[in-house]
Amino acid sequence: MGSRRGLRAAGAVAALLLGPVLAGCGSSGAAAGGSAPAADLARGRIQELVDGTTSALTPAVRFADDAYRSVPHENARRDNDGTAQLTLRRYVLTKVAEANRPRLLEQVRAYWTGRGWTVTENTAFEAGARTPDGTGVTVSIGVPGNVTVTATARVRDPGATEPFGPAPSPLPTGADGGPDTLPRFDDPGWS
């Protein structure tokens, strides 16, 4: 019971810190009065969304995380408005058979709705949700069956593409030297 209260309190603090993310956006797309939170404040919330979404999958899956990425946002005049989209991508490396993909998406939608989040995408290949503080999370399934969990938040522009440095552990590397995020691990519950 005490841990639930702690989670609620942490959620309330995150809502207070991140609540202004979407509030105050005018027709130019600019955040009014610099109300977007700092990237380091949004980082924990984004990590929580990716971790929670992945943890909702039963049986558990193997994955690799990319670095946090920041892309500056422009207003209607193509001027940088001082905000950026901070993104974290988690690549599921467990093979998910085509027959099991609907179950995977149903598990994440059930997790999100159980937390009171609004489902924003609901297709055979993608599910998305938005939390009350405006942070978003999406699970998408690519053509070869690769599953990606992506969480995003609007933040004050941190001025760097990778504001927290490189990925915690390097992504798997393909034959061409680039990242290889296609699933490679079999699991009797998913593959």
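Two residues count as being in contact here when heavy atoms of theirs lie within 4.5 Å. Keep that in mind as we walk through this predicted model.

Let's start with how far to trust it. The protein chain has a mean pLDDT of 82, and 81% of its residues reach 70 or more. The stretch to treat separately is residues 1-33, where pLDDT stays under 50. For that stretch the model has 34 contacts beyond four places in sequence.

Now find tyrosine 68, in the loop between β1 (63-65) and β2 (69-74). Is this loop residue buried or exposed? Tyrosine 68 has a relative accessible area of 8%, and the cut-off for buried is under 20%, so tyrosine 68 counts as buried. Who sits around it? Setting aside neighbours within four places in sequence, tyrosine 68 touches Arg43, Ile46, Gln47, Leu86, Thr87, Leu88, Thr161, Glu162, Pro163 and Phe164. Take leucine 88 from that list: its C-alpha is 4.8 Å from that of tyrosine 68, though the two are 20 residues apart in sequence. The tyrosine 68 side chain has polar company as well. It makes a polar contact of 2.7 Å with the side chain of glutamine 47, and one of its polar atoms lies 3.3 Å from the backbone oxygen of arginine 43.

Go back along the chain a little and you reach the loop between α2 (39-55) and β1, home of proline 59. Look at the peptide bond leading into proline 59 from threonine 58: it is cis, with omega near 0°.

Next up is helix α3, residues 101-114. At 1.5 Å a residue, its 14 residues should span 20 Å, and the end C-alpha atoms are indeed 20 Å apart, so the two figures agree. After α3 comes glycine 116, with a positive phi near 85°. Which residues of α3 are buried? They are Arg101, Leu104, Leu105, Gln107, Val108, Arg109 and Trp112. Their cover includes α2, β4 (118-122), β5 (126-130), β6 (136-141) and β7 (147-156).

That brings us to the core. In soluble globular proteins, nonpolar side chains tend to be buried together. In this model the largest nonpolar core has 29 residues, and those with the most contacts inside it are Ile46, Leu86, Leu104, Trp112, Val137, Val139 and Val147. The elements giving two or more residues to this core are α2, β3 (80-92), α3, β5, β6 and β7. Some names should ring a bell: Leu104 and Trp112 are among the buried residues of α3, while Ile46 and Leu86 are among the contacts of tyrosine 68.

Notes:
Residues numbered from 1 in each chain as written. Predicted model: local features only at pLDDT ≥ 70, side-chain atom pairs only at ≥ 80, totals over all residues. Heavy atoms only, no water. Helix = DSSP H or I, 4+ residues; strand = E, 2+ residues; numbered from the N terminus. Buried < 20%, exposed > 50% of the residue type's maximum accessible area, 1.4 Å probe, protein only. Polar contact = N/O pair within 3.5 Å; in protein donor to acceptor, adjacent residues only side chain to side chain. Expected span 1.5 Å × (residues − 1). pLDDT = per-residue confidence, 0-100. Core = buried A, V, L, I, M, F, W, Y, C linked by side-chain atoms within 4.5 Å.
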